[in-house]
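Q: I'd like to talk through this model before I go back to the bench. Can we start with how the chains meet?

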Number of protein chains: 2
Amino acid sequence: MNIGAVARATGLPPKTIRYYESIGLVKPTERSAGNYRRYGESEVMTLRFVERARRLGFTLKEVADLLALWRDKTRASGDVRALAQAQIRRLDARLRELRAMRRTLEHLVERCHGDERPDCPILDELAGGKLS
Amino acid sequence: MNIGAVARATGLPPKTIRYYESIGLVKPTERSAGNYRRYGESEVMTLRFVERARRLGFTLKEVADLLALWRDKTRASGDVRALAQAQIRRLDARLRELRAMRRTLEHLVERCHGDERPDCPILDELAGGKLS
DNA sequence: ATTGACCTTCCAGTGGCTGGAATGCCCATA
DNA sequence: TATGGGCATTCCAGCCACTGGAAGGTCAAT
């Protein structure tokens with residue numbers, strides 16, 4: 001399998017696959033005569049794993065840790081769970097931040113008539129308000 | 001006011017203030033004899049404006065737009081409102097993404113016993129599951 | 001005169017890609 | 001056999017919004 005086929009099979013762009021290789025995550029089984037990357041099924045599985053973990057918001061560092069645990073048949077499932085729970089906590093923190101931003105913006109938008117006139121509570125608050 | 005005082009007054013690190021200057025957002029009124037940046041009240045106000053807008057999740061490009069609207073006394077408040085509403089929509093999109101991640105992770109964590117044993121549904125799903 | 005806090009510039013790195021240039025490979029068709 | 005098109009390669013650069021650190025200059029107080 002060339003990189004393009006792997007890209008189609010994993011949903012990851014070729015560029016990203018090369019990037020993952022450059023940081024040591026997944027490397028091709030071999031190179032063809034013409035120096036093309038050639039991949040086998042297990043690399044495709046690994047890349048799919050990476051793609052799914054990324055979609056759950058894990059950093060590449062954590063993905064590497066998860067991959068290591070995946071490969072380690074003697075791992076403790078508690079270690080995996082701990083990573084997942086840490087990620088949930090980070091998501092919660094981020095959700096709280098975004099919700100706070102949203103609330104504030106919503107208040108501002110409500111108070112701004114939003115027409116041709118120049119007076120605008122949004123700018124006023126940004127300029128001097130306390131924005132809670 | 002030197003940059004350190006401005007930093008204290010705005011909550012922005014000196015490095016960030018210099019960075020904002022480098023991208024043309026806010027420049028000091030003048031330089032002292034010893035080449036120190038010197039700021040007046042209006043720069044402090046501008047930086048506070050920037051800091052608040054950033055806290056609401058606006059990009060620096062949008063902050064620049066908001067600043068331009070702020071300075072333009074003939075602006076239409078609708079233009080400001082449109083920026084704020086676009087930002088709310090982006091926040092909503094991001095919130096949906098994060099919530100979806102959270103839901104999936106929560107399911108996975110529930111199904112993983114998380115002890116010393118190696119079998120782990122989290123890894124299984126990352127490896128081959130459909131993760132909804 | 002010396003200390004120490006502050007300031008200066010410049011370069012480099014973060015994360016996770018993404019774009020583009022210049023070049024090379026592979027295969028099918030005329 | 002030439003040629004064309006679709007792949008692939010490497011390398012450099014850029015994105016965003018900072019942040020860290022080195023090497024040095026300034027300023028006020030002791």
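A: This is a predicted model, and in it 100% of the interface residues of chain B are also interface residues in chain A, so the copies meet through the same surface.

Q: OK, and how many residues of chain B are in contact with chain A?

A: In chain B, 46 residues make contact with 46 residues of chain A. On the side of chain B that touches chain A, two or more residues each come from helix 3 (41–55), helix 4, helix 5 (77–111) and helix 6 (121–128) of chain B. Helix 5 of chain B gives the largest share, with 19 residues.

Q: What do the residues on that side of chain B divide into?

A: The side of chain B that touches chain A has 26 nonpolar, 9 polar and 11 charged residues.

Q: And what turn lays chain B on chain A?

A: A turn of 180 degrees, with a shift of 0.0 Å along the axis, lays chain B on chain A with an RMSD of 0.1 Å, which is the relation of a two-fold axis. The C-alpha of L95(B) is the one in chain B nearest the axis, at 3.2 Å from it.

Q: Switching to the DNA: which residues are closest to strand D?

A: DNA strand D is surrounded by 20 residues, and the closest are N2(A), G4(A), R37(A), G34(B) and T59(B). By type, the residues of that surface divide into 8 nonpolar, 8 polar and 4 charged.

Q: Which helices supply that surface?

A: Helix 1 (3–10) of chain A, and helix 2 (14–22) and helix 4 (60–71) of chain B, each supply at least two residues of the surface near DNA strand D.

How values were computed. Residues numbered from 1 in each chain as written. Chains lettered and ligands numbered in written order. Predicted model: local features only at pLDDT ≥ 70, side-chain atom pairs only at ≥ 80, totals over all residues. Near = placed C-beta within 6 Å. Helix = DSSP H or I, 4+ residues; strand = E, 2+ residues; numbered from the N terminus. Nonpolar A, V, L, I, M, F, W, Y, C, P; charged D, E, K, R; others polar. Contact = placed C-beta atoms within 7 Å. Least-squares fit on C-alpha atoms with pLDDT ≥ 70 in both.
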